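Please go through the structure below with the report that follows it. The text covers backbone, helices, burial and aromatic rings in turn.

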Amino acid sequence: MLLNEFLILAAFLFCTGVYGVLARKHAVLVLMSVELMLAGVNINFVAFGAFHNDRIGQVFALFVLTIAAAEVGIGLAIVLLIYRNLHSADLDDVDTMKG
Amino acid sequence: MIAENVAFGIIAAAMALGALGVVRTKNVVHAALYLVVVLAGGAAQFILLGQEFVAWVQVLVYIGAVIVLFLFGIMLTRAPMHPKDSLDNDLRWPAAVTALFLVGILVGLLVHTFHADKIHLNGPVRTADITNDIFTTYIIPFEVVGVLLLGALIGAVVLARKD
């Protein structure tokens, strides 16, 4: 298998995530797009680990997984708070501090 | 060798379609289910690379816990199942241009740098070796991540609690 197959797949996932973060309005969908980007990064870590026959790629992928889980927990709590205060989870409505 | 590449192609196509589904679908619950396809495909790619442990952790943590959290978030924010207005904002075209630009640059650089580098697999990586690494070389990051998870847990409870 070529290393590039995995790297290009990961780049595609990452860029799809970038598109989702920029273009989505619902806060939960933005968090899902962030997860897409993290999934792409994880594929990179594991592919390079396999390429160099080193286990560090797998260890770092596990750390990324953990951080992603923490991020989703905090992120959804914030989304819940936004919904409770504004009665909407649309990020376009969060413009109180707009000049 | 050919079987591996065919398997990679099938899984990669499913993952790409799932990723596009996550950012394109009009139904929030469907987006979560498309995300399951992407993450399960990722786990399958890890198994293809012989990295078994991280694959099963991905299945347990992502598909088992994170997706359930997302579904709870969708329920609690009463996300519209059949929204009348779009779930996208006005930035769709600039975002598409940015993403295409980024994917173009990344693919160009990757092809230029790693054009024919092959992955030579020497059998699956043993879980015992991974855990040995985590609990000896990387014990400090491991403990720090544990404290971070605890902090995130307490923070989420404090934020989401009704006072």
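A:Asn53 sits in the loop that joins α2 and α3 of chain A. The model is predicted, and in it A:Asn53 has a positive phi of about 50 degrees although the residue is not a glycine. This residue comes just after α2(A). Most residues other than glycine have a negative phi.

A:His87 is another residue of this kind: its phi is positive, at about 55 degrees, and it is not a glycine. A:His87 belongs to the segment after α3 of chain A. With a relative accessible area of 64%, A:His87 is exposed, because the cut-off for that class is over 50%. In chain B, a positive phi of about 45 degrees is taken by B:Arg78, just after α3(B).

The positive phi values and their places are listed here.

| Residue | Phi | Place |
|---|---|---|
| A:Asn53 | about 50 degrees | just after α2(A) |
| A:His87 | about 55 degrees | segment after α3 of chain A |
| B:Arg78 | about 45 degrees | just after α3(B) |

**Chain A as a whole**

Chain A contains three helices and zero strands, in the order α-α-α along the sequence. Its radius of gyration is 17 Å, whereas a compact globule of 99 residues would have one near 13 Å. Along the principal axes, the C-alpha atoms of the chain fill a box of roughly 50 × 25 × 20 Å. Of the 99 residues in chain A, 60% are buried. Among contacts in chain A with a separation of 6 or more, 57% come from residues 24 or more positions apart. The area that chain A exposes is about 3,700 Å², and carbon and sulfur atoms supply 67% of that area.

**Two helices**

How does the span of α2(A) compare with the value expected at 1.5 Å a residue? The 25 residues of α2(A) should span 36 Å, and the end C-alpha atoms are 37 Å apart, so the two values agree. The helix is mostly covered, with 18 of its 25 residues buried.

Helix α3 of chain B, residues 52-76, also has 25 residues; from first C-alpha to last it reaches 35 Å, close to the expected 36 Å. Where is the kink in α3(B) centred? The centre is B:Tyr62, and the kink is about 25 degrees. B:Tyr62 is itself one of the buried residues of α3(B), which also include B:Val54, B:Ala55, B:Val57 and B:Gln58. Further along the helix, B:Val66, B:Ile67, B:Phe70, B:Gly73 and B:Ile74 are buried too. The cover over these residues comes from both chains: it includes α2 (27-51) and α3 (56-86) of chain A, and α2 (28-48) of chain B.

**Two buried polar residues**

B:Gln45 lies in helix α2 of chain B. Its relative accessibility is 0%, so B:Gln45 counts as buried. Leaving aside residues up to four places away in sequence, B:Gln45 touches A:Phe6 and A:Leu9 in chain A, and B:Phe8, B:Ile11, B:Ala12 and B:Met15 in chain B.

A:Asn4 is located in helix α1 of chain A, residues 3-23. It is buried, because its relative accessible area of 6% falls under the 20% limit. With residues up to four places away in sequence left out, A:Asn4 touches B:Leu110, B:Val111, B:Phe114 and B:His115.

**Aromatic rings**

How many aromatic pairs does a search of the whole structure find over all chains? The search finds five. In the pair A:Phe60 and A:Phe63, the ring centres are 6.5 Å apart and the planes stand at 85 degrees, so this pair is edge-to-face. Both residues lie in helix α3 of chain A, three residues apart, which is about one turn of the helix.

Is A:Phe63 buried or exposed? A:Phe63 counts as buried, because its relative accessibility of 13% is under 20%. A:Phe60 is partly exposed, with a relative accessible area of 35%. Together with A:Phe45, the residues A:Phe60 and A:Phe63 form one aromatic cluster.

Note on methods: Residues are numbered from 1 along each chain as its sequence is written. Chains are lettered from A and ligands numbered from 1 in the order in which they are written. This is a predicted model: local features need pLDDT of at least 70, side-chain atom pairs count only at pLDDT 80 or more; totals for chains, interfaces and linings use all residues. Side-chain values use heavy atoms; hydrogens and water are left out. Helices (H or I, at least four residues) and strands (E, at least two) are DSSP runs, numbered from the N terminus. The expected span of a helix is 1.5 Å times one less than its number of residues. The bend at a residue is the angle between axes fitted to the seven residues ending there and the seven starting there. Buried means under 20% relative accessible area, exposed over 50%, partly exposed in between (1.4 Å probe, protein chains only). Contact means heavy atoms within 4.5 Å. Rings of Phe, Tyr and Trp (its six-membered ring) pair if their centres lie within 6.5 Å; planes under 30 degrees apart count as stacked, over 60 as edge-to-face and the rest as tilted. The radius of gyration is taken over C-alpha atoms; the globule rule is 2.2 Å times the number of residues to the power 0.38. Accessible areas come from the Shrake-Rupley method with a 1.4 Å probe; for residues, only the protein chains shown count as cover.
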